[in-house]
Amino acid sequence: MRVLQCARFGGPEVLNLVHVSEPVAVDGQLLIDVSAAGVNFADTSRIAGSYHPAPELPFIPGTEVVGRTTDGRRVLAPIFGGGGFAERAVVEDADAVVVPDGVGDAEALALLVQGLTAWHVLKSCARMRRGETVVVNAAAGGVGSLAVQLAKHFGAGRVIATASTDAKRDLALSLGADVAVSSDADGYAERVLDANDGMPVDIVLESIGGRVFSAGLDILANFGRLVTFGNASREGRPPVDPGALADRNTAVMGFWLRPALTVPGTYAEPLTEMFALTAAGVLKPMVHAAYPLEDARRAFEDLLARRTTGKVTLRP
């Protein structure tokens, strides 16, 4: 079968289309014909050798797939060890979730990592309640765009989106945000407070880091919660003074999806609900045009250059 193989670490140029033997499923596993595989920024780190732990060379990248099982079921599944950029892949039976007909391949893939992250930062971490004010940083991104929609669906009183450009802010508004402001660190707190009629906010979903992280803490209301799950600015996360948190009864919580999925009820159940919301048109995952497997280098180049909008996928 055809696969994308990485035989040395580097940029998109290290990806080569080769032929290898078909994988074999053992007890507890499923062999699927891959119809689409998701491409994430983490994949660029894996092929660069900067992901921890670094994969052993040579390897087949790709950690999320949609495809058909031998008995005809269309399923979505993660492959944490890689192997998804291929015509066929083996997944754990327990991880395979049936995708309904009303949900496209790319939409399903967008819900696996980005969707579950958006769900859990709102539900499991922030414990969002109806009527609360939610700030979504990087609101035009994969997680942010879904978090805006889910927050509205869960009953947020006001969703304030932050994004870096007018076009991205317009996109956030089209997805249901009540207000959209610049995500620039300079003046961040003042802009968000103005967008909330001068009042502090209940929840900040924070994936930028650095000065924006600190500003997000400053605008929390009494019993407000900030959830940190990224560091896009690469400025790091400043230290947090527990005493300052106690002054307003605020909280900071971190989130990483992979260990969260070991908790019962955190994987198939929210995915199934988001599938239903997507099929009903309530949730609209952003998707980018799919690339054929042989154009994987271009897909990675476009992703790294931020020329893509929405979920990037490869089709074998």
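**Close-up views of two domains and two cysteines**

**View 1. Cys125, a buried cysteine.** At 9% relative accessibility, Cys125 counts as buried, a word used here for under 20% relative accessible area, with over 50% called exposed and anything in between partly exposed (1.4 Å probe, protein chains only). This is a predicted model, in which local features need pLDDT of at least 70 and side-chain atom pairs count only at pLDDT 80 or more, while totals for chains, interfaces and linings use all residues. Residues are numbered from 1 along each chain as its sequence is written, and side-chain values use heavy atoms, with hydrogens and water left out.

**View 2. Cys6, another cysteine to look at.** Cys6 counts as buried because its relative accessibility is 0%. If you are wondering about disulfides (a pair of cysteine sulfur atoms within 2.5 Å), a search of the whole structure finds zero.

**View 3. The two domains of the protein chain.** Domain 1 covers 2-113 + 285-314 and domain 2 covers 126-254; these bounds come from an automatic or database domain assignment. Their C-alpha centres lie 31 Å apart. Four residues from domain 1 and five residues from domain 2 make the contact, meaning heavy atoms within 4.5 Å.

**View 4. Where domain 1 meets domain 2.** About 340 Å² is buried between the two domains, and carbon and sulfur atoms give 75% of that area. Buried area here is the accessible area (1.4 Å probe) that two parts lose on being put together, summed over both. Across this interface the rule finds zero salt bridges, each defined as a side-chain nitrogen of Lys or Arg within 4 Å of a carboxyl oxygen of Asp or Glu.
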